[in-house]
Amino acid sequence: MTSLPSETRALHGWGRTAPTVATVITPRNPEEVAAAITSAGPRGIIARGLGRSYGDPAQNAGGTVLDMTGLTAVHSIDADSGRVVVDAGVSLDTLMRRALPFGLWLPVLPGTRQVTIGGAIGADIHGKAHHVVGSFGNHVEAMTLVTADGSVRELTPDGPESELFWATVGGMGLTGVVVRAVLKLHHVETAYFKVDTEQIDNLADLMDRQTRDDEKYAESVSWFDAVTTGEHFGRGILTRANHATLADLTSKQRRDPLKFDAPQLLTVPDVFPPGLLNKLTGKIFSEAWYRKSPTRMGAIQNITQFLHPLDIIGEWNRGYGPHGFLQYQFVVPLERGDVIRTVLERVTAAGHVSALNVLKRFGEGNRAPLSFPKPGWTLCLDIPIGPGLGALCAELDAIVLDAGGRHYLAKESRTTPEAIRRGYPRLDEWRKIRATVDPEGVFASDLARRLELI
Amino acid sequence: MIDAVGNPQSILLLGGTSEIGLAAVEAFAGDRPLRVILAARPSARLDGAKVRLESRGCAVETLDFDALALDTHPEVVEKAFAAGDVDVTIVAFGLLGDNEQSWTDVPTAVELAQVNYTAAVSVGVAVGDKLKAQGHGSLVALSSVAGERARRSNFVYGSTKAGLDAFYTGLTEALRPFGVTVSVVRPGFVHTKMTEGLKAAPLSTTPEAVAEVIVDAVRGKKELVWAPAPLRFVMSALRHVPRPIFRRLPL
């Protein structure tokens with residue numbers, strides 16, 4: 001083993017399920033990353049960022065886990081070109097706070113900013129703007145990857161090792177450890193959004209509205225209620241926005257148009273019993289969330305209000321109690337929008353409560369063999385772990401796969417190797433590329449073992 | 001790996017023809033097909049068990065395992081873990097024996113002690129070592145309420161289970177820092193081949209019911225469970241009954 005300081009501890013994902021024990025090392029520079037990789041034991045090694053993946057991709061039972069949050073430098077920000085050079089352990093939150101004063105905006109932001117650059121590449125994360133800007137990998141101009149033999153490679157999307165570049169995008173950390181990346185950010189005039197909010201009282205209308213004039217908006221998402229049944233089944237809030245220009249702001253806002261207004265107001269204590277989210281509380285929450293957002297066009301909102309309402313509350317996953325929860329996210333082709341209704345109906349009929357339901361439309365996918373987004377509808381459900389959930393999800397898997405859909409590896413925590421093989425037809429192509437840089441299988445994770453990716 | 005909803009992918013059953021053990025494997029396989037390793041002496045019953053699990057979609061491998069051949073245990077365990085991680089291991093082999101013969105005949109008593117206690121300790125150490133390196137997993141040991149307080153009618157069996165129970169209870173603590181959960185299961189009277197012809201005790205149960213308790217223990221990471229659950233309170237009371245009264249009870 002490496003001589004770097006280490007500690008043995010249990011790790012779990014954001015869903016707080018299936019913890020396993022690993023030796024955790026926190027390297028401070030790429031040389032220490034390489035040293036840890038070359039001295040990894042028989043159970044292998046995997047990089048971990050801020051632990052926001054729901055399942056087990058950043059766990060490695062009995063092996064080594066590299067805590068990448070020790071690599072924290074923002075090396076350079078070029079205000080003209082929008083090009084930034086950052087260490088893999090830097091969070092999206094940190095990078096945004098550093099880049100915004102230059103009028104630069106991260107084009108891809110998921111539901112939380114507590115994601116490292118390395119994690120964003122490994123999961124090829126996406127945001128509400130996918131239909132316009134694609135996923136995170138589309139904005140990486142270069143990356144530095146430390147591979148299994150400890151060698152350092154500079155990869156670009158179209159360079160001599162472009163295959164390895166794209167296998168690393170969405171590759172869940174299994175091709176090597178990203179230590180640094182060059183990203184291309186967008187120019188913005190303000191840090192605000194001009195938001196159109198529409199309250200729509202059933203699922204069919206909601207999906208219909210979400211399909212129309214989508215091209216007019218840079219960001220688009222809807223939340224809906226999966227508790228209410230009957231004619232208002234799937235009633236929801238469609239929220240779409242464009243970046244606000246200076247002219248859109250009030251004179252007060254104009255004084256500091258690039259103000260990054262993202263406070264964290266409270267941290268949830270770890271005291272909640274299991275079963276707190278039940279049919280009753282789910283109904284109350286759904287009612288409140290639906291009522292709080294009446295239809296309103298052109299409202300100016302800051303990043304927290306529009307993109308990251310949950311980032312106000314730290315450790316909100318604790319609210320689900322000690323048994324944890326899972327997030328079920330899949331994509332189905334656009335013409336199979338009917339699957340959204342079927343899935344919701346099954347969840348409701350089975351008596352499970354999903355409070356945070358998010359529906360988006362993806363645009364074109366990218367070249368990465370394991371990248372999740374492809375043109376279609378993507379639905380994301382949060383469900384507390386309870387009896388019968390495994391069987392329900394297995395049933396949903398069949399519906400999703402039969403419709404030509406697939407699961408998101410960063411959220412996945414319980415499906416089968418077969419489901420991944422079916423959903424990702426280019427898996428073998430990815431495996432071949434991985435085998436050329438990691439023939440001995442040095443990189444390993446619980447997710448990789450569970451889904452037989454390696 | 002055990003997934004977010006508590007489903008394992010692979011199970012090792014030491015005592016591959018145990019009715020309770022097989023029922024537990026079937027209960028897990030009800031939610032998803034498993035890779036199963038059945039460790040037992042070769043027999044028609046073992047072949048039958050393999051077929052039964054394969055019909056459920058499981059991939060079954062059998063391993064030649066003799067509880068009394070203690071020196072072969074490390075090798076058997078090595079083979080069981082050779083093809084990949086084992087998520088759940090169930091220690092389910094054991095003998096009931098005839099109590100009157102067991103406490104009056106030396107070879108009979110020694111055999112019972114060796115199978116139920118010594119062999120259970122032997123595989124516990126070997127499996128524990130593997131799980132420690134693996135950094136995750138669940139180990140289930142079938143104890144018995146008979147081990148909680150010895151009765152005149154089956155105290156030799158009870159004494160072996162008492163030893164097994166104490167060992168695995170300690171192993172629970174020893175393996176906990178390594179991400180491994182050890183569950184000690186204490187069934188009461190279970191209707192199986194082992195108890196055929198015996199008079200059923202109160203709160204008697206079936207292999208399927210015990211299997212449910214095992215599945216629940218693994219999913220909930222419970223370290224000590226009774227089957228059926230109310231036995232816990234019955235035994236709590238019985239443990240403290242003074243001996244002169246205890247020996248008069250119709251147990």
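**Entry 1: the contact between the chains**

I started where the two chains meet: 16 residues of chain B and 20 residues of chain A take part in the contact, where contact means heavy atoms within 4.5 Å. This is a predicted model, in which I needed pLDDT of at least 70 for local features and 80 or more for side-chain atom pairs, while totals for chains, interfaces and linings use all residues. For my bookkeeping, residues are numbered from 1 along each chain as its sequence is written, chains are lettered from A in the order in which they are written, and side-chain values use heavy atoms, with hydrogens and water left out.

Next I looked up the area. Chain B and chain A bury about 1,400 Å² between them, 61% of it on carbon and sulfur atoms; buried area is the accessible area (1.4 Å probe) that two parts lose on being put together, summed over both. On the chain B side, Met1(B), Ala4(B) and Val5(B) lose the most area to chain A, together 37% of what that side buries.

Which charged side chains meet across the interface in a salt bridge? I found Arg43(A) and Asp85(B), at 2.7 Å from N to O. The rule finds one salt bridge across this interface, a salt bridge being a side-chain nitrogen of Lys or Arg within 4 Å of a carboxyl oxygen of Asp or Glu.

I also noted six residue pairs in polar contact across the interface, both residues at pLDDT 80 or more. A polar contact is a pair of N or O atoms within 3.5 Å; within protein, one must be able to donate a hydrogen and the other to accept it, and residues adjacent in sequence count only if both atoms are side-chain atoms. By class, the side of chain B that touches chain A has seven nonpolar, five polar and four charged residues. Here Ala, Val, Leu, Ile, Met, Phe, Trp, Tyr, Cys and Pro count as nonpolar, Asp, Glu, Lys and Arg as charged, and the others, Gly among them, as polar.

**Entry 2: Thr20(A)**

I then followed Thr20(A), which sits in strand E2 (residues 20-25) of chain A. Helices (H or I, at least four residues) and strands (E, at least two) are DSSP runs, numbered from the N terminus.

Is Thr20(A) buried or exposed? Thr20(A) has 4% relative accessibility, so I logged it as buried; buried means under 20% relative accessible area, exposed over 50%, and partly exposed in between (1.4 Å probe, protein chains only). Beyond its neighbours within four places in sequence, Thr20(A) is in contact with residues of both chains, including Gln59(A), Asp446(A), Met1(B) and His136(B). Its side chain makes a polar contact with the side chain of Gln59(A) at 3.4 Å.

**Entry 3: the nonpolar cores**

I looked up the largest nonpolar core and found 89 residues, with Ile117(A), Phe136(A) and Leu183(A) having the most contacts inside it. Strand E10 (residues 177-184) of chain A gives the most to this core, with five residues. A nonpolar core is a set of buried Ala, Val, Leu, Ile, Met, Phe, Trp, Tyr and Cys residues joined through side-chain atoms within 4.5 Å.

Leaving aside neighbours within four places in sequence, Phe136(A) is in contact with residues among them Leu92(A), Val108(A), Ile117(A), Asp124(A) and Leu183(A). A second, separate core of 35 residues includes Ala49(B), Val60(B), Val140(B) and Val225(B).

**Entry 4: salt bridges**

I counted over all chains and got 43 salt bridges. In one of them, Arg361(A) pairs with Asp214(A), the closest N and O atoms being 3.5 Å apart. The two lie 147 residues apart, Arg361(A) in strand E19 (residues 357-362) and Asp214(A) in the loop between helix H6 (203-211) and strand E13 (219-224). Arg361(A) is buried at 18%, and Asp214(A) is buried at 6%.

Arg235(A) and Asp225(A) form another salt bridge, with the closest N and O atoms 2.9 Å apart. Both lie in the loop between E13 and strand E14 (236-243) of chain A, so the pair ties together parts 10 residues apart in sequence. Both residues are buried.

In chain B, I found Lys79(B) and Glu75(B) bridged at 3.6 Å, N to O. Both lie in helix H3 (residues 73-80), four residues apart, about one turn of the helix. Lys79(B) is partly exposed at 46%.
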